[in-house]
Amino acid sequence: MVAEHQGIGMTSRRTRMRLIQRLRESGISDTHVLNAMEEIPRHIFLDEALSHRAYEDTALPIGYSQTLSQPYIVARMTEVLMSHQPARVLELGTGSGYQTAILAKLCKDVYSVERIKALQDRARDRLRTLGLRNVMLRLADRGMGWPDKGPFDGIIVTAAPKELPEELMMQLAEGGVMVIPVGEASQMLTQVVRRGEAFEITDIEPVRFVPLLAGVVR
Ligand code: SAH
């Protein structure tokens, strides 16, 4: 059991249940995904000043011009990913570590890459507090993704490139799935499934993410 923050304990449990109900009503039906989101407290992934808003279905700032995605989007992306039952998953954009924690509950091994050192440090502390040990974190210092640890059964990208990055697609295992927002002014959440040297590409829904960028911020 993870100790809840003082004072927010019961309230958080109840408001979290309300959020899960709302996700169900929005069409999220994978019970494993809903259970994982019920188990992982979202408020510990936010600064104290914002933690009271943690169970609203909205994106929230985490500093460095980055955002913790809206719960509905986290649920939707995870649901699409998990429909392929990946064991080894790569995440691009650790950010707060919230999506990482959800994945750690659902997958065997999670490899997560972040380019902003300060965000990665905080995420590492939170994941440790939650006792999640099947997560490996890496700073995005060279190239994209984590080719040394690939190929991956699943890849989830929480920042948007202008176009589908071939470098990442090549890190997908045969039959593997990638869930990724693509575009600039308007973005489309996209599913990519690898079939040999070919890729099946399916649009999911319009989304709005921060841009995928190169280089590390230390
Ligand atoms: N999944 C995060 C969302 C954070 S926002 C969460 O739940 O909080 C997207 C994150 O992607 C930011 O932290 C940003 O720094 C990171 N990012 C952007 N480009 C990246 C890249 N090329 N490699 C790794 N991370 C990247």
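**Helix H4 and its surroundings in a predicted model**

Helix H4 is mostly covered, with seven of its nine residues buried. The model is a predicted one. The buried residues of H4 are Tyr98, Gln99, Thr100, Ala101, Ile102, Leu103 and Ala104. The helix itself spans residues 98-106.

Gln99 is one of the residues placed in H4. Its relative accessible area is 6%, under the 20% limit, so Gln99 counts as buried. Gln99 touches Val74, Thr78, Glu91, Ile156 and Thr158, leaving aside residues up to four places away in sequence. Ala75 lies 24 residues from Gln99 in sequence. In space, the C-alpha atoms of Gln99 and Ala75 are 9.0 Å apart.

Tyr98 also belongs to H4. With a relative accessibility of 1%, Tyr98 is buried. A search of the whole structure finds three aromatic pairs. In one of them, the ring centres of Phe45 and Tyr98 are 5.6 Å apart. Their planes meet at 70°, so this pair is edge-to-face. An angle over 60 degrees is what that class requires. Phe45 lies in the loop between helix H2 (31-39) and strand S1 (60-63), whereas Tyr98 lies in helix H4, so the pair ties together parts that are 53 residues apart in sequence. Phe45 is buried as well, at a relative accessible area of 1%. The ring of Tyr98 has a further partner in Arg42. The charged end of Arg42 sits over this ring, 5.8 Å from its centre. Elsewhere, ring pairs link Tyr111, Trp146 and Phe152 into a cluster.

Phe45 and Tyr98 reappear in the largest nonpolar core. This core has 49 residues. Leu23, Met37, Ile40, Phe45 and Tyr98 have the most contacts inside it. Helix H3 (residues 71-82) supplies the largest share of this core, eight residues. Apart from this core lies another, of 16 residues. Leu92, Ile155, Met169 and Met178 are among the residues of that other core.

The contacts of Ile40 reach several parts of the chain. Ile40 touches Arg16, Phe45, Tyr98, Ala101, Ile102, Lys105, Leu130 and Leu132, with residues up to four places away in sequence not counted. Of these partners, Tyr98, Ala101 and Ile102 are among the buried residues of H4. Both members of the edge-to-face pair, Phe45 and Tyr98, are thus touched by Ile40.

His32 offers a contrast to the buried residues above. His32 is found in helix H2. Its relative accessibility is 55%, over the 50% limit, so His32 counts as exposed. His32 and Thr94 are 62 residues apart along the chain. Their C-alpha atoms are separated by 21 Å.

Some backbone features fall in loops. Tyr64 has a positive phi of about 55°, although Tyr64 is not a glycine. Ser65 also has a positive phi, near 60°, and is likewise a residue other than glycine. Tyr64 is found in the loop between S1 and strand S2 (66-68). Ser65 is found in the loop between S1 and S2. Tyr64 is partly exposed, with a relative accessible area of 40%. Ser65 is exposed, with a relative accessible area of 70%. A cis peptide bond joins Gly150 and Pro151, with omega about 0°. Pro151 lies in the loop between strand S5 (135-139) and strand S6 (152-157).

The overall dimensions complete the description. The protein chain has six helices and nine strands. For 218 residues, a compact globule would have a radius of gyration near 17 Å. The chain has 16 Å, which agrees. Along the principal axes, its C-alpha atoms fill a box of roughly 55 × 40 × 35 Å. Of the 218 residues, 52% count as buried. Among contacts with a separation of 6 or more, 55% come from residues 24 or more positions apart. The chain exposes about 10,500 Å². Carbon and sulfur atoms supply 49% of that area.

Notes
Residues numbered from 1 in each chain as written. Predicted model: local features only at pLDDT ≥ 70, side-chain atom pairs only at ≥ 80, totals over all residues. Heavy atoms only, no water. Core = buried A, V, L, I, M, F, W, Y, C linked by side-chain atoms within 4.5 Å. Buried < 20%, exposed > 50% of the residue type's maximum accessible area, 1.4 Å probe, protein only. Helix = DSSP H or I, 4+ residues; strand = E, 2+ residues; numbered from the N terminus. Contact = heavy atoms within 4.5 Å. Phe/Tyr/Trp six-rings, centres within 6.5 Å; stacked < 30°, edge-to-face > 60°. Lys NZ or Arg CZ within 6 Å of the ring centre and 35° of its normal. Rg over C-alpha atoms; globule rule 2.2 N^0.38 Å. Areas by Shrake-Rupley, 256 points an atom, 1.4 Å probe, with all protein chains shown as cover.
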